[in-house]
Amino acid sequence: MIQEQTLSAAAAGEFTIGGDLTVNRMGYGAMRITGQGIWGPPADKAAALATLRRTIELGVNLIDTADSYGPGTSEELIDEGLYPYPVDLVIATKGGWERPGPGQWTHNASPKHLTQALEGSLKRLHLDRIDVYQLHAPDNAVSFEASVETLAKLREQGKIRHVALSNVTREHIERARRIVPIVSVQNRYSFADREWDYVVDYCERNEIAFIPWYPLGAGKVAGEVLHAIADRHRASPTQIALAWLLKRSPIMLPIPGTSSLEHLEQNIAAASLHLTEQEYEKLSAVPELAMSQ
């Protein structure tokens, strides 16, 4: 059993999102508490609720979700398991994707849909305002500016505290920032998948949080390096991958997701791991294409 005294998301340090929402840098992604294919209710609802409640006990105060996870299921479980929420809990949700069926995703970032999506999230999460509301992805069938302007308007109405983006380029971020302040960006990223390195650097220069999804992506080459360093730390490869992210940048907020209490505790324990510069550089040198090998 992992030692309780080392088991706290606070060990990862803090970051203040948007200048007023201070969170521990190890968060939790609530996609996988839904059913198979990110569709419908979980096979074991009691376990999903127990996992959510344990995140709070472990010092997690940033939970990431989306209306499309279920759809609606993840937000409903967060409400059922955690409401009334701790005063320091930040729930970041998203809109702009729809779910026609298990494992299926379709874009819809139209102003009408985003407004409906936000209203649905407010109702399911039992909130009057979403702290961090993310455009899930740009929609090629809709003007990007129109999508962002919709969120800016909802922010003016007091229904969103901060606007954020997901699955975007630097150009998207810059275009959005001409319309409304952007407090976080969520793209796929890991030590073996650094396509968005330049976005991480841009976010760091501008004090924008970067939330990596699929933070544990790795392949054969990456696995060999991970295992060697993990053995030295008496840690798991997953924990080393998370530790690398935390060391990569002070604006990095990993949100590993799981529906398992055991895996949750292992992930949070990574907040206490500290890689040496040599270990960090060795992991950074893993070829970016290792993930696909």
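Begin by selecting helix α9, residues 261-269, in this predicted model, and then colour L264, E265, N267, I268 and A269, which are the buried residues of this helix. If you now show what surrounds them, you will find that the cover over these buried residues includes β3 (28-29), α1 (45-57) and α8 (237-248). Move next to the N-terminal end of α9, where S260 acts as a cap, with a side-chain oxygen 3.3 Å from the backbone nitrogen of E262.

A second capped helix comes next. Select α4, residues 144-156, and go to its N-terminal end, where S143 is the cap and places a side-chain oxygen 3.3 Å from the backbone nitrogen of E145. How far apart are the end C-alpha atoms of α4? They are 19 Å apart, which agrees with the 18 Å that 13 residues should span at 1.5 Å a residue.

Stay with α4 and highlight F144, S147, V148, T150, L151, A152 and L154, which are buried. As you look along the helix, remember that an α-helix has 3.6 residues a turn, so residues three or four places apart point the same way. The elements that cover the buried residues of α4 include α3 (111-125), β8 (130-135), β9 (160-166) and α5. Once you have passed the end of α4, stop at G158, which follows the helix and has a positive phi near 85°.

Now display α5 (residues 170-177) together with α6 (residues 197-205). Two packed helices are described by the angle between their axes and the distance between the axes. Here the axes of α5 and α6 come within 10 Å and cross at roughly 30°. Since angles under 35 degrees count as roughly parallel, that crossing makes α5 roughly parallel to α6. Which residues of α5 meet α6? Select R170, I173, E174 and R177 on the α5 side, and you will see them meet Y198, V199, Y202 and R205 of α6. By type, the residues of this contact divide into four nonpolar, no polar and four charged.

Turn next to helix α2, residues 73-82, and select T73, which is found in this helix. Is T73 buried or exposed? Its relative accessibility is 10%, and therefore T73 counts as buried. When neighbours within four places in sequence are left aside, T73 is in contact with T34, G40, P41 and P42.

The last stops are points of the backbone. Most residues other than glycine have a negative phi, and most peptide bonds are trans. With that in mind, select G70 and P71, which are joined by a cis peptide bond with omega about -10°; P71 is found in the loop between β4 (62-64) and α2. Then go to Y83 and P84, where the peptide bond is cis as well, with omega near 0°, and where P84 lies in the loop between α2 and β5 (90-95).

Finish with two residues that are not glycine and yet have a positive phi. E207, with phi near 55°, sits in the loop between α6 and β11 (209-213), and E207 counts as exposed because its relative accessibility is 63%. R234, with a phi of about 55°, is in the loop between α7 (220-233) and α8, and R234 counts as exposed because its relative accessibility is 83%.

Conventions: Residues are numbered from 1 along each chain as its sequence is written. This is a predicted model: local features need pLDDT of at least 70, side-chain atom pairs count only at pLDDT 80 or more; totals for chains, interfaces and linings use all residues. Side-chain values use heavy atoms; hydrogens and water are left out. Axes are lines fitted to C-alpha atoms, for helices over the stretch in contact, and angles run from 0 to 180 degrees between N-to-C directions. Helices (H or I, at least four residues) and strands (E, at least two) are DSSP runs, numbered from the N terminus. Angles under 35 degrees count as roughly parallel, over 145 as roughly antiparallel, 65 to 115 as roughly perpendicular and the rest as oblique. Contact means heavy atoms within 4.5 Å. Ala, Val, Leu, Ile, Met, Phe, Trp, Tyr, Cys and Pro count as nonpolar, Asp, Glu, Lys and Arg as charged, and the others, Gly among them, as polar. The expected span of a helix is 1.5 Å times one less than its number of residues. Buried means under 20% relative accessible area, exposed over 50%, partly exposed in between (1.4 Å probe, protein chains only). A polar contact is a pair of N or O atoms within 3.5 Å; within protein, one must be able to donate a hydrogen and the other to accept it, and residues adjacent in sequence count only if both atoms are side-chain atoms.
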